[in-house]
Amino acid sequence: MEKGEYVYDYPRPMVATDCVIFGFDGTKIQVLLVKRAESPYPASWGLPGGFIRMDESAEASAKRVLQSKTGMTGAYIEQFHTFSSPDRDVRDRVISIAYYALVRKQEVREGGNVVSADWFSMDELPDLCFDHKEVLDLALVKLRERIMFRPVGFDLLPEKFTMRELQSLYESILGVEFDRRNFSKKILHVGLLDDLNETIKANPKREAKLYKFNLENYDRLKEKGFRLEF
C-alpha cells in the first residue's frame, strides 16, 4: 500500500509542543514566558509552543520553538510529559508534548511572533493561559528530580561562576536553604568543580573564588551512577 492511499476516517486531535525554558539570573531560577498576540487569550502570558509540522518530529518541533524564542540551537532539552485533557484548548482537541530546556540567559536572543517575551521568577508568575501553570509546575518537579542526578549548572551557569552562585541555583530550584560551608564541602568532595585560582569582587569588602565544571569527572561519575545529597 502506497503512502496516501488510505485515509483514516475518524476525528483526529491536533498535536503541539510546549517548551518550558528555564534560566538563572545569578540569584533565582526563572522561566521565559511570552505574551500572546492572537486569540484565544490575547495579551495573556503563556509558555512558548506551537503545532507540530507534518514533516517534523516532536523533538524537532520543540527545538524549533526554542530557537525561535531564544536564538539558541545547542541548549539542553528534554521531554517530560504529554498533556491530553480533552478540554485543555478552547479552539480544538489539542494534545501537547511538553519539553523543558535549560539555557544561559546571557546567550539568549529573544524573538518570534509574540507581542513580548520576558523572564519571570517562579515566585512572581503572572496568570498563565490554557493549562500552562500545570505544565510549568510539573516541569519544575522534573527539574528538581533531575538536579540530584545531573548537575544542571552545566547548562544554566556561565563558564566561570562563584560557589555562592552555584548554591543559589540549587536553593532556588529545590526551594530550600543550605549551610554555606556544608554545601561547598559536599560539592568539592564530589569532584565536579575545578578551582580556577581566580577571584571576583563579590562585594566591596570581599572577593570570591571562581570555579568551572570538570566535564571529564562528570562523565566518569555519570557512567558509574551517582546521586547528589545535601
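This section describes helix α4 and the salt bridges of a predicted model.

Helix α4 comprises 12 residues, 163–174, and its first and last C-alpha atoms are 17 Å apart, close to the 16 Å expected at 1.5 Å a residue. Of these 12 residues, 9 are buried, so α4 is largely enclosed by the rest of the structure. The buried positions are M163, L166, Q167, S168, L169, Y170, E171, I173 and L174. The residue that follows α4 is G175, with a positive phi near 70 degrees.

Side chains of opposite charge can pair when their charged atoms come close. Over the whole structure, 13 salt bridges are found. One of the pairs joins R146 to E78, with an N to O distance of 2.7 Å. R146 belongs to helix α2 (residues 132–146) and E78 to strand β5 (residues 76–83), so this salt bridge ties together parts that lie 68 residues apart in sequence. R146 is partly exposed, at a relative accessible area of 27%, whereas E78 is buried, at 19%, a value that falls under the 20% cut-off.

Within helix α2, K133 and D137 are 4 residues apart, a separation of about one helical turn. Their salt bridge has its closest N and O atoms 2.9 Å apart. K133 is partly exposed at 41% relative accessibility, and D137 is likewise partly exposed, at 34%.

A further salt bridge links R150 with D155, where the closest N and O atoms are 2.5 Å apart. Both R150 and D155 are buried. In addition, D18, R88 and D131 are joined into one network by salt bridges that share partners.

Methods
Residues numbered from 1 in each chain as written. Predicted model: local features only at pLDDT ≥ 70, side-chain atom pairs only at ≥ 80, totals over all residues. Heavy atoms only, no water. Helix = DSSP H or I, 4+ residues; strand = E, 2+ residues; numbered from the N terminus. Expected span 1.5 Å × (residues − 1). Buried < 20%, exposed > 50% of the residue type's maximum accessible area, 1.4 Å probe, protein only. Salt bridge = Lys/Arg side-chain N within 4 Å of Asp/Glu carboxyl O.
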